[in-house]
Amino acid sequence: MKDQTPLNKAVPSMIWHSRDYRFNSLLALIFSGVFYLGVYHFSQIPGRLGRDPLLLLIWALMLGIGLLLGSSMVVDVTVKDKLSHRLDFFLASGIDIKSLILAYSLQMCRFSMVIPFALLMAFVFLPVFEMGFIYIVGLFGSTAILVFVTLLYFNVLVLGQKHLKFVKYLLFITVNLLIYGVGSVSNQFLQFLANHHIALSSLVLLVNVSLTLVLAGLASLKWRHLTNEWVIRQEGTWS
């Protein structure tokens, strides 16, 4: 396996020059700023925003923004590279597909978690924020790892798909349904946890670790069969 350093230097340039990434990042930044101002306003009113609702909001936003930006990069980089046959050119030049996908996934995760990290740091300054430093590191770290493994699975998944436009909408719909689902049942979910004396802080970390293990298992099933020859033989169309 070749050294990944050149790949890790080249992929960020590809991502940064993507108009979709810059546009989506701008939208995510505006949304995060407006949302934070709203949360800050409610945090000034005693009793309006507790520790658990704030933690659920932070986790849902970090995971949602990370996956939305990341999945858009999967479409804008991996899918377009496959359609334009630039991926075939990379592989024909001797680059191992596994090294390439790892570099893609790592850099996509780094770019997609910039705004969630900034948002988390902004929430730290809220008066109602009560999480300790160790938990903040664990929360962000486990969420970032989950995003990385998810993007790795998405990148491997699209390599074997023929109808890539369908994959784009599938990723978008799946991520948005996840965000909507968390938001729509948040009150009932928090009430259920309170009734059964379950700590949300521990549950969030458990969910992150559990989902990471599940997706890592799914990715490994495809990873073991991933070869340059197999990828080159796969045909893809924008339909």
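Is Phe90 buried or exposed? Phe90 is buried, because its relative accessible area is 18% and buried means under 20%. This is a predicted model.

## Aromatic pairs

A pair of aromatic rings is described by the distance of the centres and the angle of the planes. The whole structure holds 6 aromatic pairs. One of them joins Tyr36 and Phe123. The ring centres lie 5.4 Å apart, and the planes meet at 75 degrees. That pair is edge-to-face, because the angle is over 60 degrees.

Tyr36 sits in helix α2, which covers residues 19-43. Phe123 sits in helix α6, which covers residues 114-124. The two are 87 residues apart, so the pair links distant parts of the chain. Tyr36 and Phe123 are both buried.

Phe89 and Phe90 form another aromatic pair. Here the centres are 6.3 Å apart and the planes are 55 degrees apart. This pair counts as tilted, because 55 degrees is neither under 30 nor over 60. The partners fall into opposite classes of exposure. Phe89 is exposed, because its relative accessible area of 57% is over 50%. Phe90, at 18%, is buried.

## Thr212 in helix α10

Now to a polar residue. Thr212 belongs to helix α10, residues 200-223. Its relative accessibility is 12%, so Thr212 counts as buried.

What does Thr212 touch, leaving aside residues up to four places away in sequence? The answer is Ser142, Ile145, Leu146 and Val149. There is also a link to Asn208. A polar atom of the Thr212 side chain lies 2.7 Å from the backbone oxygen of Asn208. That distance is within 3.5 Å, the cut-off for a polar contact.

## Two histidines with positive phi

Which phi value does His85 have? Its phi is near 65 degrees, a positive value in a residue other than glycine. His85 lies in the loop between α3 (51-83) and α4 (86-92). His85 is partly exposed, because its relative accessible area of 45% falls between the cut-offs of 20% and 50%.

His197 also has a positive phi, about 55 degrees, although it is not a glycine. Where is His197 found? The place is the loop between α9 (186-195) and α10. His197 has a relative accessible area of 74%, so His197 is exposed.

Note on methods
Residues numbered from 1 in each chain as written. Predicted model: local features only at pLDDT ≥ 70, side-chain atom pairs only at ≥ 80, totals over all residues. Heavy atoms only, no water. Phe/Tyr/Trp six-rings, centres within 6.5 Å; stacked < 30°, edge-to-face > 60°. Helix = DSSP H or I, 4+ residues; strand = E, 2+ residues; numbered from the N terminus. Buried < 20%, exposed > 50% of the residue type's maximum accessible area, 1.4 Å probe, protein only. Polar contact = N/O pair within 3.5 Å; in protein donor to acceptor, adjacent residues only side chain to side chain. Contact = heavy atoms within 4.5 Å.
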